[in-house]
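This briefing describes the strand and helix arrangement of a single model. Please consult the sequence and the coordinates alongside the text.

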Amino acid sequence: MSHMSTSSVRIGALAPLTRPGWADAGQHLLAGMELAVREVNDADGIGGRPLELVVRDTAADPQKAAAAVDELAGLGVAALAGEYHSVVARAAAARADALGLPFLCSSAVLDALTDQPTDRVARLAPAQSHGWRIYADFLLAAGHRRIAVAAQPSVYWASGTRILRDHLAPRGGTVIELDMSALAPEAVGDELVDHGATALLLLVGHPEPAAAIVRSVRRDRRLAEILIGAPAGQPELPEWGTLLGDDGAGIPFLRYLPEHLGPLGARVAKTLREELAQEPSFVAFEGYDTVTVLVDVLRAHGTDRAGTAAPWPHVAVEGTRGPIRFSREPGISVWQWAWPRATRSRVRRVNSQIGDRLCRMRSS
């Protein structure tokens, strides 16, 4: 470190670190990014210059995120990284594209991350249409044909509902929408019974009303056999277990980690486990991989924004979850890693035949 220039290369980092943002996810995302930055600086930085993260809290607020992008651009960051919430990432992507600032989105999955195709923006997380179709196939394979979604008004949740309906309907599945802007969590049980639903998907905010819905349904004796699912991955982070205990265990969700990590992933997992004092989520790996990709871009193309205008098709790096390359995918407006492997996971316990199948299932 002593021989490095004092003039740092700055990357702007966006993450939800306070409520109403999913702060757990933001902390894991930031932990992964910070670990990668430390390792880069231990290896002589970017052409002898130290790498610096300039972090801004988005708090799940699209306007706050757009303002942060303006501020970070004014501070001279070479690129923008991060964000977890899809609607927030969409606002950040639009602003970054307008300013000519390269943005690598870590975790947000909304297909339409930008209104028009752009070369400025790329994404590590799999698009929602990819992951949620895998989830729909799991429901069908487990024998579920009448699937209720408890949904709040949101572009992200509406998109997820549409993906599920479009995928399930031709295969004999029915989606029953429960509008949680008009329905109390305590009333969900009656709706599930009235509609004959065998599965309930939580397309709502975390921790509430998601936790309240789970408690209400788990305590309803009429619904002892119903499957509760969380395709957006709420049970991946430790707060879920703290809030719900056994009520939250055994809820299947999408998890973007392979069954077995390679040497890089295993090493990163060990360090993150020690730093977080808990098991790192897939979001932490996304944070680490984001910085890894951006460092590759900055080393190969320079730190001036004009030089990094459209670097994504040239990326070929080893990430924590496999080789990372970007391509243009049908219906996706940004450069996309297609695809990090998705697995189904259950929290804490795998104690049923369905649970066993879940843990074996993975995307192609």
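Which residue in E7 does isoleucine 147 stand opposite? Isoleucine 147 has valine 175 of E7 as its counterpart. The model is a predicted one, and the points below cover two open sheets, one of 4 strands and one of 6 strands, together with helices that contact them.

**The sheet of 4 strands**

- The strand order is E7-E6-E8-E9, and the pairing in this open sheet is parallel.
- Strand E7 (174-179) and strand E9 (227-229) form the edges, each of them pairing on one side only.
- From one strand to the next, the twist averages 25°.
- Strand E6, made up of residues 146-151, is joined to E7 by 6 bridges in the parallel sense.

**Helices on the sheet of 4 strands**

- Helix H5 (residues 155-168) packs on this sheet and touches E6, E7 and strand E8 (199-203).
- The direction of H5 makes about 160° with that of E7.
- H5 also serves as the connection in a β-α-β crossover that leads from E6 to E7, and this crossover is right-handed.
- Helix H7, spanning residues 210-218, lies across E6, E8 and E9 and runs at about 165° to E8.

**The sheet of 6 strands**

- This open sheet has the order E2-E1-E3-E4-E5-E13, again with parallel pairing.
- Its edge strands are E2 (51-57) and E13 (335-336), and each pairs on one side only.
- Strand E1 (residues 9-15) and strand E3 (residues 79-82) run parallel and are joined by 4 bridges.
- Within E3, glycine 82 is the residue that stands opposite leucine 14.

**Helices on the sheet of 6 strands**

- Helix H1, covering residues 23-42, lies across E1, E2 and E3, and its course is at about 165° to E2.
- Helix H3 (residues 86-99) lies across E1, E3, strand E4 (103-105) and strand E5 (121-123).
- The angle at which H3 runs to E4 is about 165°.

**Background on strand pairing**

- Backbone hydrogen bonds are the means by which strands of a sheet pair, whether parallel or antiparallel.

Notes
Residues are numbered from 1 along each chain as its sequence is written. This is a predicted model: local features need pLDDT of at least 70, side-chain atom pairs count only at pLDDT 80 or more; totals for chains, interfaces and linings use all residues. Side-chain values use heavy atoms; hydrogens and water are left out. Two strands pair if DSSP finds at least two bridges between them. Axes are lines fitted to C-alpha atoms, for helices over the stretch in contact, and angles run from 0 to 180 degrees between N-to-C directions. Contact means heavy atoms within 4.5 Å. A crossover is right-handed if, with the strands pointing away from the viewer, the path from the first strand over the helix to the second runs clockwise.
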